[in-house]
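Open the model in a viewer and keep the sequence panel beside it. The stops below are meant to be selected in order.

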Amino acid sequence: MSVRAITYRGFGVAVRIPERLPAAVRALARRSPATLPQGVELRAPPPIFARRRDPANATVFVSSFYEDDRSRPIPDAATLAAMPLAEQVAATRWYHTIELPGQVVTPGAFDHRPVVPHYSIPQSLAGKRCLDAACSNGFWAFEFERRGGDVVGLDIPSIADWDFPAGTPSLGTTTPDEFAAAAFEIAHRALGSRVELVRRNLYTMDPDDLGTFDFVHMADVLLHLRNPLDVLRRLYALTSPGGEALITDVFDPELTDRSMRYSGGFENLIWWTPSLDCLVQLVYDAGFSQVDVTTTYSIPGRAGWRAVMRAHP
Ligand SMILES: C[S@@+](CC[C@H](N)C(=O)[O-])C[C@H]1O[C@@H](n2cnc3c(N)ncnc32)[C@H](O)[C@@H]1O
């Protein structure tokens, strides 16, 4: 142990200094802002609200309709096809409100009919090859066909393949997928439609096997994807030179600049809510050379605001 003696005007004091002390003082000095290079600043972090979330909660929103579907098995395809149309419609669950012949209207969770005239869909799609990516029960695909398009509708093979957060427990083998498939089939048959349904994950869409399209549509799915930009890049690759893409998705009008709120797929499978500017930037960054927001809208029963974007390669 070293000893330091200090004297002042005849008075003196001797202090014994433990060996550890000089090293501790030097370490403290290194941490002191006074010793940082100019322009470097250290701050204590603000309160952090991020926390571990239980992935089991991420599927709660589907389990309610899983239970419902399991309690009323859907008839097989042949039995279903032989039933009167209204009974077929009543035997399954509907995402889309679709007008079918005989004034039968499907009881969809979402009714897009009021926004169709504001959607900037070309009046005629005659002779155009069209893609409706993430088509669900086919409302938009059937609309494009009605305007003369030669339409491919694409949706995921199984709900179990949705982009749930990591660690989400398996949804089990009995899924309500057959309800989604049955709903599309019922509408397809009733409308005498020739829309081709492709069961495919958006992340695997590829022009090498799907070809390219003159008119590409994708709505209300970016918010449900872990990697929205990857899917937008694929969509761009599927859009023919001289073609166009109509992309609609959710944005938050309260968010400014190019910010994006992250929810991680925990609330109704919502991963991201971008500002409008961020949403448009994503579409540009996927490769499109011109992106115009043709309208923004909100409708009752659906949370949030949506922007319709028309994009050209
Ligand atoms: C909110 S719905 C929107 C349906 C329709 N596009 C519309 O605007 O009404 C989302 C659709 O995307 C589909 N989907 C979600 N993730 C997908 C993926 N990775 N690949 C293909 N389809 C997906 C769902 O199965 C569902 O049909």
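The tour goes from the whole chain to the sheet, the core, the ligand and two loops.

**Before selecting anything**

This is a predicted model, in which local features need pLDDT of at least 70 and side-chain atom pairs count only at pLDDT 80 or more, while totals for chains, interfaces and linings use all residues. Residues are numbered from 1 along each chain as its sequence is written.

**The whole protein**

Show the cartoon. The protein has nine helices and 13 strands; these are DSSP runs numbered from the N terminus, helices being H or I of at least four residues and strands E of at least two. Of its 313 residues, 28% count as buried. A residue is buried if 20 or more other C-beta atoms lie within 10 Å of its own, exposed if 12 or fewer, and partly exposed in between, with C-beta atoms placed from the backbone. Among contacts between residues at least 6 apart in sequence, 60% join residues at least 24 apart; a contact here means C-beta atoms, placed from the backbone, within 7 Å.

**Strands β5, β6 and β7**

Select residues 129–133, which form β5, and then β6; the two run parallel and are joined by five bridges. Strands count as paired if DSSP finds at least two bridges between them. Asp132 stands opposite Gly153 in β6. From β5 the chain passes through α5 to reach β6, a β-α-β crossover that is right-handed; that is, with the strands pointing away from the viewer, the path from the first strand over the helix to the second runs clockwise.

Now select residues 150–155 alone. Five of these six residues of β6 are buried, so the strand is largely enclosed by the rest of the structure. Add residues 196–199, strand β7, which runs parallel to β6 and is joined to it by four bridges. The bridge partner of Gly153 in β7 is Leu197.

**Helix α5**

Which residues of α5 are buried? Select 139–146 and look for Phe139, Trp140, Ala141, Phe142, Glu143, Phe144 and Glu145. With seven of its eight residues buried, α5 is therefore largely enclosed by the rest of the structure. Just after the helix, Gly148 takes a positive phi of about 100°.

**Strands β8 and β9**

Return to β5 and add β8; they pair in the parallel sense over four bridges. Leu131 stands opposite Val216 in β8. Six of the seven residues of β8 are buried. Then add residues 239–251, strand β9, which runs parallel to β8 and is joined to it by six bridges. Phe215 stands opposite Glu244 in β9. Between β8 and β9 the chain goes through helix α8 (residues 228–238), and this β-α-β crossover is right-handed.

Stop at Asp214, found in β8 (residues 213–219). Asp214 has 18 other C-beta atoms within 10 Å and is partly exposed. Not counting residues up to four places away in sequence, Asp214 touches Lys128, Arg129, Cys130, Ser240 and Gly243. From Asp214 to Thr239 the C-alpha distance is 6.2 Å, with their positions 25 residues apart in sequence.

**The nonpolar core**

Select Leu131, Ala133, Val216, Leu235 and Val283: they have the most contacts inside the largest nonpolar core, which has 56 residues. Such a core is a set of buried Ala, Val, Leu, Ile, Met, Phe, Trp, Tyr and Cys residues joined through C-beta atoms within 7 Å. Helix α6 (residues 177–190) contributes the largest share of this core, six residues. Center on Leu235, which touches Ala133, Val216, Met218, Ala245 and Ala286, not counting residues up to four places away in sequence.

**The ligand**

Which of the 14 residues around the ligand come nearest? They are Ala134, Ser136, Ile156, Leu202 and Ala219. A residue is near a molecule if its C-beta atom, placed from the backbone, lies within 6 Å of it. The shell divides into nine nonpolar, three polar and two charged residues; Ala, Val, Leu, Ile, Met, Phe, Trp, Tyr, Cys and Pro count as nonpolar, Asp, Glu, Lys and Arg as charged, and the others, Gly among them, as polar.

**Two loop residues**

Most residues other than glycine have a negative phi. Select Ser120, in the loop between β4 (104–105) and β5. Ser120 has a positive phi of about 60° although it is not a glycine, and with 14 C-beta neighbours inside 10 Å it counts as partly exposed. Last, select Leu269, in the loop between β10 (260–267) and β11 (270–274). Phi of Leu269 is also positive, near 60°. Leu269 counts as buried, with 20 C-beta neighbours inside 10 Å.

Technical notes. Contact = placed C-beta atoms within 7 Å.
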